[in-house]
Amino acid sequence: MPQPPTSTRPDIPSTAAAPWHTRTSQQALDGLQVSAQGLSSPEAADRLRQHGPNRMEVTEGSGLWRRVLAQFNNLLIMVLLAAVVVTALIGHTLDAAVILAVVLLNVFIGVLQEGKAEKALQAIRHLLAPHAMVLRDGRLHEIDAADLVPGDVVQVASGDSLPADLRWMQVNNLRVDESALTGESMPVEKALAPVEPGAALGDRLCMGYAGTLVTQGQARGVVVATAGGTEMGRIGRLLESVEPVVTPLVRNMAQLARWITLAVVAAATALFAFGTLVRGMPAAEMFMTAVGLAVAAIPEGLPAIMSITLAIGVQRMAARHAVIRRLPAVETLGSVTVICSDKTGTLTRNEMTVQQVVLANRVIDIEGAGYAPEGALRSNGHHLQPAELFREAPALLALAEAAALCNDASLHLEGGQWQLVGDPTEGALLTLAMKAGIDPVELARERPRTGAIPFESEHRYMATAHAAAADASAGHNLLLKGAPERVLGMCSRQCRDGGEPVPLDEPYWQRAIDEQARAGRRVLALAQGHIDAVSALDSRSGLDGLTLLGLVAIIDPPRQEAIEAVAQCRAAGIRVKMITGDHGVTASAIATQLGMGNDLRAVTGPEIEAMDDTALQQVVQDTDVFARASPEHKLRLVQALQARGEVVAMTGDGVNDAPALKQADVGVAMGRKGTEAAKQAGAIVLADDNFASIAHAVEEGRTVYDNLRKTVTFLLPINGGESMSLLAAVLLGLAMPIMPVQILWVNMVSSVALAMVLAFEPTEPDVMKRAPRPPGEAMLSAFVIWRIVLVSTLFTLGIFGMFQWSLSTGAPLEEARTMAVNTLVAMEVFYLFSVRYLKAPSFTGAGVQGTPRVLLAMGVVVVLQALFTYAPFMQSWFNTRALHPAEVLLCALVGMGVLVLLELEKWVLRQRKVA
Ligand code: ATP
């Protein structure tokens, strides 16, 4: 057993006297000095100080050094280092030193950028912090799992990941997947009895271990160890967290950069051979030319800028409530064609209010909204007094009591507001009971629960048992609530107004269900019965012949943002499909309110089951609403959509949604109501469970892709222009217009500073008006390649032209080269304005002014170029000369010329498209 820290204070119990699995739960509670009602808040705070937060610390170790070394594990840097050695050996010491300095600067920038990306992801990890339901001061609270302490009594349900090591106190059909710890793939059924001291981890049925996953049932347990004291902490295995910064696209681009490097090294070698052997030029000079070509053609800054663009995208999505867990999702989001969304809480507000109660022979209207138990009960306009219900409407009272007892939620008045702990549907039922004059806490004390079947989406009902009388042999009252068709199927009688049972009038109830559902209300039925023994609940036997108490009709209005987001998605060529566990008619009514279309017919789970894959593929094309769907149906729906070539984003929250979330191109888990299991399976976690956040994530995904493409389109022509100028010079037997160290300066300093702007580019206004990007579409599309070739040519003309012109005016070689470099940088600056809008004009107010970031980058580059040109130390390092202001102006004019030409090109392209 682990040996957690021994208490140094006598009033705080030590956890060292384990092993817990050999003790009864009462002994465990005694050992931890806590009652079954949990700790008090001050005691918990004290213990938190003593034991520290319940968090696995990530050991940073030699993170910085590893990052620095990783920078050197790069083909380009190696090529450059080799160049440094050879340059030094042939006596160009200054050149060698400058190349080395630039390499080191590049490594430094790389480390900084990665650090920034890493920090962004760290912040996001924090958002994914798990929560726990804990009993403190005698009532349930939801807290950050990091605040758990030994002695806390926690409650878990299916889908939860255990937040700490627990000794079970109550288990209800509890199964736990312990594969993360023991490797055992089948979930283990847990029990309460202590086990032998020598029992292996997997056999300690009375214990639950941090990081393992509840797959079924509910339980309560007392925390025996937290953080590093847990079994998981002991083996030092960290749970799966956010993955590192790499996506298929970035990997492909890095691959491309590697190929370019190799090709360029080969070309430079050939050039060296050509120069020395064919032209008979001196080897040292030719070597410097070859190095120049190599550094000119290799896109040094590209991989780093692409990573930072992605990291910034991830950060922006997090700010808009979509937390990325798997980085490739950032890219995939941009090409999503279908979003399959849950209804409750995602498209709707999940603020449930019971509006009507349907009894056997009358309908009761319930006034009020939200969870506040304020609002009258009216029957045909007549105000029913709660105190009189037992006489005036006994059936309503029986229904309200069932609503309060067959319920796991609780409501508390905090700061004048009614706060719900638990499921909103159940919260609405509690409010109903309170409006009927019932005190749920008091009632639960009078009629304690003797057993329960917890609610699970697959079964769509929940049941509780309560002792019928003090004498256990009298059996138990059974209360049941759930989806009306399920409950109706278990009933043979109904409760008359006076309370006495009569045979079930099924057509009456069907009509009532249909009418309520058409109004978009969520319908639940409540029933009661009798069982002889609680064991009947485990086997689910004896759940027939029940008496139907009535129906409750709950409204859950659509979210306003969801209505807007649905419209936005449709404009962006993305289809929205609702997949819900709710009733078909309710689902269709809500879908219409959301603007998904009129007269939508819902296809139900059982219908999906009856279809083969081919039929389903046809149906998914024509249908947008799927109701009474369970998790297996979601999986089949994703597969059918994918078979049709769609790129699918799918939401999920339950433990059984994990397969569908994994199968989807982008699995979207709910951050609030979602289980830990769903969050671990999802590629994205929505911090606010809101459909609008998915639409925002798509928008950001498209933006990231745009920005990556702009970065590539910006950087590659610079390399193109430089290498074409050099090649032209060699082939024509002229002097090099730019020296290798100068090229390095441009590529690793000016270009990187400018390209960084593109990583932060805001979303283009039409981003959600375009059709989704076809998956697998090459980033270097025909258009992008054309643009790269065009701009490379313009750059070559600019560099070469200015260099030759300057020489022709009689300027010395060094000055002509300084002109060439400054012209290149001026062209880059103006090209940056152009590339910010690949096709749209840049001569708009916003385009010309740019964002503050653009102006800042421009300012930095101007200062750097001034240093490069005028500072004496720079002049000696880079062999530059001071330029006359008129010459500087000329450089700027050439730069501006590039912008004007490109605007003309965009204009022509736009005209041709219109024609
Ligand atoms: P979505 O799948 O869009 O989130 P949902 O919340 O309706 O929708 P489920 O939670 O699977 O989906 O619920 C399915 C049905 O089960 C509901 O329509 C309702 O009739 C019933 N139901 C929901 N919550 C409870 C509950 N706590 N107890 C009993 N029955 C419930």
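## Exercises on a ligand shell

The shell around the ligand holds five nonpolar, five polar and 10 charged residues. Here Ala, Val, Leu, Ile, Met, Phe, Trp, Tyr, Cys and Pro are nonpolar, Asp, Glu, Lys and Arg are charged, and the others, Gly among them, are polar. This is a predicted model: local features need pLDDT of at least 70, side-chain atom pairs count only at pLDDT 80 or more, and totals for chains, interfaces and linings use all residues. Residues are numbered from 1 along each chain as its sequence is written, and side-chain values use heavy atoms, without hydrogens and water.

**Exercise 1.** Find which residues are closest to the ligand.

*Solution.*
- Start with the shell: 20 residues surround the ligand (a heavy atom within 4 Å).
- Then pick out the closest: Lys343, Thr344, Arg522, Thr580 and Gly581.

**Exercise 2.** Find the polar contacts of the ligand with Thr344, Lys481 and Arg628.

*Solution.*
- Use the cut-off: a pair of N or O atoms within 3.5 Å.
- A polar backbone atom of Thr344 is 2.9 Å from a ligand oxygen.
- An N or O atom in the Lys481 side chain is 3.2 Å from a ligand nitrogen.
- A polar side-chain atom of Arg628 is 3.1 Å from a ligand oxygen.
- Now take the area (Shrake-Rupley method, 1.4 Å probe). The ligand alone exposes 610 Å², and the protein buries 92% of that.

**Exercise 3.** Work out which strand gives the largest share of the shell.

*Solution.*
- Strands are DSSP runs (E, at least two residues), numbered from the N terminus.
- β18 (476-482) and β21 (522-531) each supply at least two shell residues.
- The largest share, three residues, comes from β21.

Conventions: Polar contact = N/O pair within 3.5 Å; in protein donor to acceptor, adjacent residues only side chain to side chain. Helix = DSSP H or I, 4+ residues; strand = E, 2+ residues; numbered from the N terminus.
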